[in-house]
Structure formats: C-alpha cells, structure tokens
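User: I'd like to learn how to read a domain layout and the contacts across it. Can you walk me through this one?

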Amino acid sequence: MPRLIMFDIDGTLTETNDVDTRCYVQAMSEHLGVAIDSEWSRYRHVTDSGIAAELLERHGRPPGELDQVRARFVALITDALRATPDACTQIPGAADFLRSLRRMPDIVIGLATGAWSESARAKLHHARLDVEDLAFASADDAESRIDIMTACRDRAASSGMPISETIYVGDGIWDAQASHALGWRFIGIAQGIRAEQLRQAGASKVFADFRNPQTVLSGLGVR
Ligand SMILES: [Mg+2]
C-alpha cells in the first residue's frame with residue numbers, strides 16, 4: 001500500500017517566509033488601518049484564511065471582507081515575486097528531492113499549505129518546483145491546518161489507492177502540532193533553535209534542507 005508524503009510549502013519547499021509575512025502584514029494592516037500582530041503562533045489557526053478571519057473578527061469587521069484582503073495580498077505577493085525573483089527560491093535540494101520521490105512507485109506526494117492557493121502556486125512557480133498533478137489543499141479549503149491536511153489526504157486517496165501511512169513534512173510548530181493531532185509522523189525542516197523547537201514539538205527527525213536526499217529518505221523511512 002502506498003505511503004503519502006505530504007509537504008507544507010513556505011519554509012519547507014520554498015524560502016518564502018519573509019516575503020510572505022511582509023506582504024501579508026501589509027495587506028492586513030492597510031485593510032484594518034492598524035498594525036497587526038505578526039506573532040502567528042498566537043492565532044487560533046496559523047493559515048492565511050484563519051489569521052484573516054480572526055483579525056476581521058477581532059476588529060469587528062464582517063467576514064465578507066476576507067475576499068478583499070485576499071485579493072490585495074495576492075496582488076502584493078505577485079508583484080513582490082515579479083520584482084525580486086530572488087525573494088522566492090527553493091529550499092536547497094527540494095526540486096531534486098520531489099523528483100526522486102516521484103520515481104518511487106509506492107509513494108504518493110501531497111501539498112497541504114496554510115497559504116491561499118493563488119499565492120502558493122505563484123511561489124511554487126517562481127521557485128521552479130514541479131508540482132503538477134500532486135494532491136493539493138490550501139487555505140482556500142479551510143481555516144484549520146488540520147482540515148487542510150485532511151482534505152489533501154482525501155484527495156490523494158481519491159484515486160482509490162488506500163494510503164497505508166501519512167507523513168507530514170513542515171517547518172512550523174503548528175505543523176508539528178497538527179501532525180500530532182492527526183497521529184501522523186512529522187519530519188521537520190529547520191536549523192538551529194527552530195530545529196530544537198520542532199524536536200520538542202514531536203518531530204521524529206529534523207533536516208536543514210534536502211541537499212542530502214538519501215538522509216532525508218531514510219528519515220522518512222522510505223529507504
Ligand atoms: Mg511553513
């Protein structure tokens with residue numbers, strides 16, 4: 001039975017946490033007319049849709065304004081990526097790693113991101129990651145990361161192939177927590193203090209990047 005390896009995108013496959021945060025904070029702050037709290041771990045759901053919904057609620061704004069904020073954010077990040085392509089690169093080795101996973105017959109690959117799909121696809125495109133045909137779920141599907149990850153798994157399994165195990169690969173504490181809640185194994189992508197935080201949050205392995213694919217594959221238990 002195939003195993004599903006599911007990836008977060010920002011900070012895991014693409015080096016985009018900075019540009020993403022900058023554009024998100026700008027879109028939300030402009031819309032609300034106040035500086036917003038960018039300590040994401042303080043939000044109920046650390047996803048583009050979850051944070052936006054919570055901010056609109058905190059500021060007494062109608063939930064319908066979410067579409068405006070999303071459109072503004074997508075415009076900002078699209079411009080930023082076009083203006084400074086260096087702002088969006090792959091995490092070292094990510095493209096090759098995905099290619100080697102694709103060649104394995106017993107592996108299904110999924111992408112479950114807390115980003116809105118339009119911005120996620122723009123970032124993947126700029127980072128030159130080939131994600132055509134992979135099971136995909138985003139903040140367009142749900143506010144909760146757990147629900148996004150579950151949607152991705154359901155799409156991966158919809159081909160009729162029963163999935164024996166799902167492993168999530170991410171860079172955030174929230175990724176570790178969601179994986180734990182779902183009972184999935186979690187592999188971290190981080191360095192230094194953040195790597196230690198992911199270990200403490202339950203990561204079975206943590207790697208700085210994908211430059212040594214064999215090591216990551218054995219960490220995933222697929223080699
Ligand atoms: Mg991330």
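Analyst: Sure. One idea up front: the domain bounds come from an automatic or database domain assignment. Also, this is a predicted model. Here the split gives domain 1 (3-16 + 88-220) and domain 2 (17-86).

User: How many Å separate the C-alpha centres of domain 1 and domain 2?

Analyst: The two C-alpha centres are 22 Å apart.

User: And how do I read the contact between the two domains?

Analyst: Two residues are in contact if their C-beta atoms, placed from the backbone, lie within 7 Å. By that rule, 21 residues of domain 1 touch 19 residues of domain 2. On the domain 1 side, H5 (117-126), H6 (145-157) and H7 (173-182) each give at least two residues. H5 brings the largest share, with 5 residues. Sorted by class, that side of domain 1 has 8 nonpolar, 8 polar and 5 charged residues.

User: Are the axes of H3 and H5 roughly parallel or roughly antiparallel?

Analyst: For helix pairs, angles under 35 degrees count as roughly parallel. The axes of H3 (residues 66-83) and H5 come within 10 Å and cross at roughly 10 degrees, which makes H3 roughly parallel to H5.

User: Which residues in H3 and H5 meet?

Analyst: From H3, look for Phe73, Val74, Ile77, Thr78 and Leu81; their partners in H5 are Glu118, Ser119, Ala122, Lys123 and His126. By class, this H3 and H5 contact has 5 nonpolar, 3 polar and 2 charged residues.

Technical notes
Residues are numbered from 1 along each chain as its sequence is written. This is a predicted model: local features need pLDDT of at least 70, side-chain atom pairs count only at pLDDT 80 or more; totals for chains, interfaces and linings use all residues. Helices (H or I, at least four residues) and strands (E, at least two) are DSSP runs, numbered from the N terminus. Ala, Val, Leu, Ile, Met, Phe, Trp, Tyr, Cys and Pro count as nonpolar, Asp, Glu, Lys and Arg as charged, and the others, Gly among them, as polar. Axes are lines fitted to C-alpha atoms, for helices over the stretch in contact, and angles run from 0 to 180 degrees between N-to-C directions. Angles under 35 degrees count as roughly parallel, over 145 as roughly antiparallel, 65 to 115 as roughly perpendicular and the rest as oblique.
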